[in-house]
Amino acid sequence: MYEPKWVFPRTIDDSLEALADESAHAIAGATDLAVRIRADHGGPATLVDLTGVPELARVAVDGDTLTIGAAATHAAVTRHDAVRQRVAVLAEACGTVGAPQVRARGTIGGNLANASPAADATGALAALDAVAHARSTRGEREIPVTGLFAGPGQLRLEPDELLTHVTLELPPPGASSVYKKLGQRKALAIAIASVAVTFDPTACAVRIALGSVAPTVVRAEQAESTFAGRWSGVVGEGGVAGQGCRDEVMGLIEEVAAQAAGASSPIDDVRASAEYRTILVRELTRTALEELCLAEPRVSG
Amino acid sequence: MGQNALHPSGAVGAPVRRVDADDKVTGRARYLDDIVLPGMAHAALVFPGVPHANVRGVDDTRARSVEGFVATVTAADIPGENQVGCVDRDQPLLAGERVRYSGDAVAITVAESPTAAREAARAVALDLEELEGVFDAEKALMPDAPRVHEGDNAYLQYRVHRGDVDRGFDEADVIVERTFRTNYQEHSYLEPLGALAVPEDGGTITVYGTMQCPYYVQKAVAGVLGIPLARVRIVQTVTGGGFGGKEDVPNEICACAAVAAWRTGRPVKLVHTREEDFYRSSKRHPMVVRYKLGATRDGRFTAADITIIADAGAYSTLTPVVLFRSVAHATGPYEIPNVRTDGYGVYTNRQTTGAFRGFGQPQTIFADESVIDEIADTLGIDPIEIRLANCLAVGKRTATGQLLEESVGLPETLEVARDESGWLAKRAGESARAGSDGRAEPGGASRPRERFLRGIGVGAIYYGVSLGAKGLALDASGAHLNLYRDGSLRIAVGGTEMGQGLLTVLSQMASDVLGIPVASVHVDHVDTSVVPDSGPSVASRTTLMTGNAVIGAATKIRRTLAGVASGELGGAPDEVRFEKGRALSNGKSIGIEELAELCWVRNINTAEEGWYAAPESTFDDNGQGDAYAVYSFATQIAEVEVDSRTGEVHVLRMTAAHDVGRVLNPVTLEGQLQGGVLQGVGMALYESMKTDGGVILTPDFSTYILPTSLDTPEISCHAIEAPYSKGPFGAKGIGETPAMPGAVAIANAVAHATGMRFTELPITAEAVRLRLAQEETA
Ligand SMILES: Cc1cc2nc3c(=O)[nH]c(=O)nc-3n(C[C@H](O)[C@H](O)[C@H](O)COP(=O)(O)OP(=O)(O)OC[C@H]3O[C@@H](n4cnc5c(N)ncnc54)[C@H](O)[C@@H]3O)c2cc1C
C-alpha cells in the first residue's frame, strides 16, 4: 500500500535539501500529482510539500518585472491587480483552469512542471516570453518557458531541481493580450485547443502560443513574423478605424490565423480530432486577433 | 414555477420543505459507505481486462501475500445458483467459465481495507483464452458474427402492428425517412454503487445498500446463497441518486457482498470507485432507429414504419422491459392510424444496458420528433401546429389501439410551452431582429452566415406510467402505517427514496388524510422484512403506487379514529373531518393525539396495512392493447445559439410544460423538472461514451463530459394538471418525463439555427463545426 513520507519545509533552502534525496519529489497543490498517484496505485517515496514555503507563493511587481512564485495558486494569480491590468492573458488563462476548488490549490509551478501541452497558465507564460528560474543545491539557472519541455510530461529539469519562480517583462502601456480556450464544456474542461495572444501596437508585434495542438505548448513563429512584417503597412496613418483599413486588417488576421494553424501538429484523442483542432487554432487565433487589433486603443495601467 | 395549480388548504400541493433536506445538507445523512461495523472486511472485484474470453484458471497465489488479505471468492464458492439475470436467466454473478464483457467480475477478493482488497484483486492472475468479440449491434446481426450466448445475438423482438402501413404511405403526400443513432448515457448519480452484507444469527443475512429495488435484491441474494427469502433482509440506505442505474445492478453488487460475507463469516462491504461504476453499471441503450413517417399535404400523419435495434450488451438485464417501452411508444404522442414498429434486442460484448430515466424512449423520441420537424418544414407548417393537429387527446387512440379516456394534458403542454417561450415570434425570427447585439436571426441557414446563429425547437412526448402490460406481475405496492399514542405516525413503504422526494410527498399525503402536521410523520427507507414485495421503484410508478398504498392504510386509521371521535363528540363517523391536528364533528373538536391516546387506552389497533395493485393492462402479439393504465405528457422547447466559428451550441433557455395530473409539491416537482432537463442537455450536446473494442475510453468525469452549472440554461417550468382519477390526489408519475423531450428539442433548435439536421447524438461542438466545414467546401 502506498504510504509516502511527507515532509514540510518552510524555506527554499530546506526544500532543496529535501529534494536532493533521490526518492523525493515535489508536491504543491497535488491537483496533478494526486490524480497520477491514484491512477498508478503508487508514487514517490518522499513528498516534499511546497505549500508551507511563503517565498514560493509570492506574486510581486518590481519595476516592469512581474515575479510569480512557483507555488502561487491560479486563484492568487487571477486575483492579482497588476496581472489583471497588464497581462490579461495570464489572468484569463489561470481563470479557466478547472473550477474554483482546483484554482485554489493548483499552482503555476505545478502547471509548468506537469509539462502538459494543455496547461493553460503555461500557454499564457509562453506568449509572454516568461523565464523560469530553477534551483538545486548545486546552483541556480534560468530557462525560457518555451524551452522547458521535451514532450508531453517531459520536463527539461533535473530531478533535484526546484522551480522557484517565473519572471516576465510587463508589456508597455497600450499593449493588450487575451486567452482563448475551447474545452468540451464551459468549466472543468481541459483545452481541446487554446491560443494565448499578446499584441503590442507600438512594436507592431504579436506573440502567439498554442496549447493542446502539439506535443508541447508551441509558439506560432511564422505567424508572428508575418504579422510584424505587415502590420504597420496595413494600418497606416489613420489607425484601424481608417477607410478600407478594416478590410485589410481582416485579411491580415485571416492570413496570420491560417499560419498559426499551420504551426500546430495535433493528434486525435478522446477529446477531439486533429482535424477539428486545426480548425480551432485558426478560429481562436482569428477571434483573439480581431479582439486585440480592431479594438479602440485603450488606456491601460 | 408557473402552474395553474389548484390551491389546496392542506399539505398536498404546498411547497413543503423536503423532510430529508437537513440531513443531506448538513452531511448527517448516512450513505452506505458511512456505515462501519465491527469486524468488517472489504471486497473488490477481479476484472478480466478483455471483453470476450474463456476462463481457464484463476490463480490467487500472489494476492495471498498482500498485507491484509482475507479470501478469494470464485464461482465455485457460490453456495446457491451462480445467476443474477433479472428478466432472462443469462447472467452469472461471477464469470467462472466465460467472460462476455470487460466489466464481468471473474472473482472477488476480500481484505482488511478497500485498498488491500483492490491490490489483491490486481494480483489475481487470470488464465484467459481470448475470443473474437462483437462490439456493434448492427454487426452482431450478421450471420457470421461471433455469438455472445448460445442462441442468436438478436435474442429479443417486440412489435406494434396496426392498420395497413402500405396503404397509409399511399395516402401520404410527403414521406420522410431517416436513420438515427444514439450513444450510451451514464447515469452519473453522485453516490457510486455499494453494499454491506452482514451474516446474522439463525442463518440469516442482512444486506444494506444503495438501490432502487430492494425486492429484486432480496431475490438475487437468496438465489446465490441458496436460502429462502425469509432469511434475507434487505435494507435500503440513503441513496444518492439512481436514475434507473440502481434498478438491477445492485442485485450484482449486493449478491457479491453477500457471497463474500457468507464465505468469510464477516460483514463485507463492497463500494465501487467511479471507474468501476463506469465499467460495471448498466447504461442507456445505444440504439439505431430507422424512422419513416408519411403525412398528407395538410399535415395529417398517415403511416409510420419504424425499426429499432437496441444494443443490449453482454447480458439481457432489463432490455426486455426497456425495449417493450421503446416499441410501445415509438410513434410519439400522436394518433397515427397505420403503424409498423419492430424492435430488436441484440447481444454484444459491450457494457450491459438497462434502465435510464426515460426507459428506452429518448432514443426513439429523437427519431420521431426530428422527422416530424422535417415533415413540418417540407409542408411549411409550424412544428407546434403540426403536433397539435395530430396529438393524442381524450377520445383518441394510441399506436397500441388504446382509447384514452381521461387525463390527457398533452395539447395544453404544447400550448403553454409555445406561449411561455415566445415561440411564434422567435420561430419567425422577430425577436432577434433588433440585432443590436450582433446576433443573427433564427433560421440562419438561408441567410449569409453570421457568427452566432439562433434557433428554437420543440419536442413532445408521452410516457406510460408504471410497468404496463409487460410488468403486471410486479405491479402492486404496500405500506405499513403505525399511529402512535401521541398522534405521531411512522410509515414503512416498499418504494424507495433515491433523491426524487418520495419521503416528502408521502408525508404530505398521510398528513392530509389524517389531518396531522407533516412534522408528525416519519417515513423510513425500505426494509424488506417490514413491507411485502412492492415491486421496483422505477417507471415513474412510486409516487402513484406507494402513494395509493399509504392513502389506503391512512384511510383505514382515519376510519378507526372517526369512530372514536364520533363517540366522543357526537355526529356520524363518516362526517368527521380531520384538519390541523384535530377531528371535527357535531360542532366540537378533539385533538388527534387525544384520539390516539384513547385508542391506546381502549386497546384499539391504529396500525394498518395498505396495498395497491395496478389496473389490468394488455399487449397482444401484434402489440395491440391497453398497454398502460395512464400516461404522463410533456412538451419542452429549447432556445439555442450556435457559434459558427467553434461549433459550440449554447442552450439559452429551456421551457418545460408537463402534465403531471396533480402537483403534489411544486418545489420537489420543479427539482425533478430541472434535473431532467439538464440530463436532456447532456444527452443532446455533451455526454459521449467513447469505446474501443468493448473497452471504455472515458471511464471518469474528466473524460465523460456532463454539463456543469455553467452549461446550464435558464429553465422555465410549468405544470399542467389533468387529474388521473386513480392517482393519489389525482397525481401521475413525473420521474422520467423531465429527461425525455429536451434532447430532441435542442436538436430541432440547432436545425432551425443552422439548417443542418443531426441524426446522431451528442451534437458536440466538433460535430457542428466539421459539418459547417463540409458545407463551406461543398
Ligand atoms: C479537476 C481538475 C481540473 C483541472 N483543470 C485544468 C485546466 O483546466 N487547465 C490546466 O492547465 N490544468 C488543469 N488541471 C491540472 C492542474 O490543476 C494544474 O496543472 C495545476 O496547475 C497543477 O498544479 P499543482 O500545484 O496542483 O501541481 P502538483 O500536482 O502538486 O504537481 C504537479 C507536478 O509538478 C511538480 N511540481 C510542482 N511544483 C513544482 C516546483 N515548484 N518545482 C518543480 N516541480 C514542481 C510535482 O512534482 C508534480 O510532478 C486540472 C486538474 C484537476 C484535478
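Q: Which atom of the ligand lies 2.7 Å from an N or O atom in the side chain of His74(A), and what makes this a polar contact?
A: In this predicted model, the ligand atom is an oxygen, 2.7 Å from an N or O atom in the side chain of His74(A). A polar contact is a pair of N or O atoms within 3.5 Å (within protein, one must be able to donate a hydrogen and the other to accept it, and residues adjacent in sequence count only if both atoms are side-chain atoms), so this pair qualifies. By the same cut-off, the ligand oxygen that is 3.1 Å from an N or O atom in the side chain of Lys181(A) also makes a polar contact.

Q: How much of the ligand does the protein bury?
A: Taken alone the ligand exposes 980 Å², and the protein buries 88% of that, with areas computed by the Shrake-Rupley method and a 1.4 Å probe (for residues, only the protein chains shown count as cover).

Q: What are the conventions behind these values?
A: Residues are numbered from 1 along each chain as its sequence is written, while chains are lettered from A and ligands numbered from 1 in the order in which they are written. Local features need pLDDT of at least 70 and side-chain atom pairs count only at pLDDT 80 or more, whereas totals for chains, interfaces and linings use all residues; side-chain values use heavy atoms, with hydrogens and water left out.

Q: Why is the pair of Phe278(B) and Tyr704(B) called edge-to-face?
A: The ring centres are 5.4 Å apart and the planes meet at 70 degrees. Rings of Phe, Tyr and Trp (its six-membered ring) pair if their centres lie within 6.5 Å, with planes under 30 degrees apart stacked, over 60 edge-to-face and the rest tilted, so this pair is edge-to-face.

Q: Why do Phe278(B) and Tyr704(B) count as buried or exposed?
A: Phe278(B) has 0% relative accessibility and Tyr704(B) a relative accessible area of 0%. Buried means under 20% relative accessible area, exposed over 50% and partly exposed in between (1.4 Å probe, protein chains only), so both residues are buried.

Q: What makes the pair of Tyr462(B) and Phe633(B) stacked or edge-to-face?
A: Their ring centres are 6.5 Å apart and their planes stand at 20 degrees, so the pair is stacked. Tyr462(B) lies in strand S17 and Phe633(B) in strand S25 of chain B, so the pair ties together parts that are 171 residues apart in sequence. Both Tyr462(B) and Phe633(B) are buried.

Methods:
Helix = DSSP H or I, 4+ residues; strand = E, 2+ residues; numbered from the N terminus.
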